[in-house]
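Dear colleague,

I am passing on the structure we spoke about, and I would be glad if you could look it over with the notes that follow it.

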Amino acid sequence: MNSKVTTILIVEDQSLVRDAIAMLLSLEDDLTVVDKCSNGQEAINYLNEHPAPDIILSDIEMPLVSGLDLAAHIANGSLSTKMVLMTTFSKPGYIKRALSLGVKGFILKESDSDYLIKAIHDVSAGKKVISTELAIMALDDNNPLSKKEMSALKLASEGLKTQDIARSLFLSEGTVRNYLSEAISKLDATNRVDAARIAKQKGWL
């Protein structure tokens with residue numbers, strides 16, 4: 001166990017879960033929760049005004065700014081903090097994306113409290129923590145979509161029309177239709193809405 005005190009920022013949109021995790025971690029002599037945020041945007045605001053904590057423990061799916069978007073912000077800003085994400089069994093696609101952003105750990109929300117505390121200590125000590133179950137799922141998870149197809153599908157899932165997607169991505173409407181058609185075909189979906197639903201369930205969007 002570390003002799004130095006590890007500072008932690010908790011980012012979780014469910015207040016009961018957020019408070020329970022904070023209380024649990026605060027019971028450890030060498031762990032200190034510096035603050036709690038309800039989404040990634042609040043965490044970014046915190047980081048703009050305070051020294052970066054040793055670890056940010058964040059949920060993935062949150063309003064405004066997700067855990068993955070927060071990880072991207074930290075990676076792009078070269079901040080000296082280690083990111084640990086909390087996830088579920090149903091979203092293996094998140095793991096590959098998060099690893100590319102330098103995330104150091106994945107905590108299954110189904111895990112018990114002892115596992116969470118050990119994982120925090122391990123990440124603080126410089127180790128990378130990924131549960132065996134999640135690692136196997138990530139290896140078996142192959143995203144067939146190209147980056148451009150995912151970009152078009154993500155905007156479509158937000159309700160944008162083809163012409164709006166084309167304008168956002170600086171592409172022709174015909175090219176956007178082709179990307180969406182390819183995504184629908186690859187995912188064996190019935191339409192763009194169904195394709196977006198499948199991709200989101202996999203954690204690809």
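Which residue in β4 does aspartate 59 stand opposite? The residue is methionine 86. Before going further, please keep in mind that this is a predicted model, and that everything below is computed from it.

The pairing just mentioned belongs to strand β3 (residues 55-59) and strand β4, which run parallel and are joined by five bridges. Between these two strands the chain passes through helix α3 (residues 67-76), and the resulting β-α-β crossover is right-handed. Strand β4 also pairs with strand β5 (residues 105-108), again in a parallel arrangement, through four bridges, and within that pairing leucine 85 has phenylalanine 106 in β5 as its bridge partner. Of the six residues that make up β4 (residues 82-87), five are buried, so the strand is largely enclosed by the rest of the structure.

Turning to the charged side chains, the count comes to 11 salt bridges. Aspartate 59, which stands opposite methionine 86, also takes part in a network of salt bridges that links it with Glu12 and Lys109.

Two of the salt bridges that I looked at lie within helices. In helix α5 (residues 113-124), lysine 118 and aspartate 122 are four residues apart, about one turn of the helix, and their closest N and O atoms are 2.8 Å apart. Aspartate 122 has a relative accessible area of 15%, and because buried means under 20%, this residue counts as buried. In helix α10 (residues 192-202), arginine 197 and aspartate 194 are three residues apart, which is likewise given as about one turn of the helix, and here the closest N and O atoms of the salt bridge are 2.5 Å apart. The two partners in α10 differ in their surroundings, since aspartate 194 is buried at a relative accessible area of 15%, whereas arginine 197, at 42%, is partly exposed.

A further salt bridge joins lysine 154 to glutamate 158, with the closest N and O atoms 2.9 Å apart. Lysine 154 has a relative accessibility of 40% and counts as partly exposed, and glutamate 158, with a relative accessibility of 48%, counts as partly exposed as well.

If you open the model, you might begin at aspartate 59, where the pairing with β4 and the salt-bridge network with Glu12 and Lys109 can be viewed together.

With best regards

Definitions and conventions. Residues numbered from 1 in each chain as written. Predicted model: local features only at pLDDT ≥ 70, side-chain atom pairs only at ≥ 80, totals over all residues. Heavy atoms only, no water. Salt bridge = Lys/Arg side-chain N within 4 Å of Asp/Glu carboxyl O. Buried < 20%, exposed > 50% of the residue type's maximum accessible area, 1.4 Å probe, protein only. Pairing = 2+ DSSP bridges. Right-handed = clockwise from strand over helix to strand, strands pointing away.
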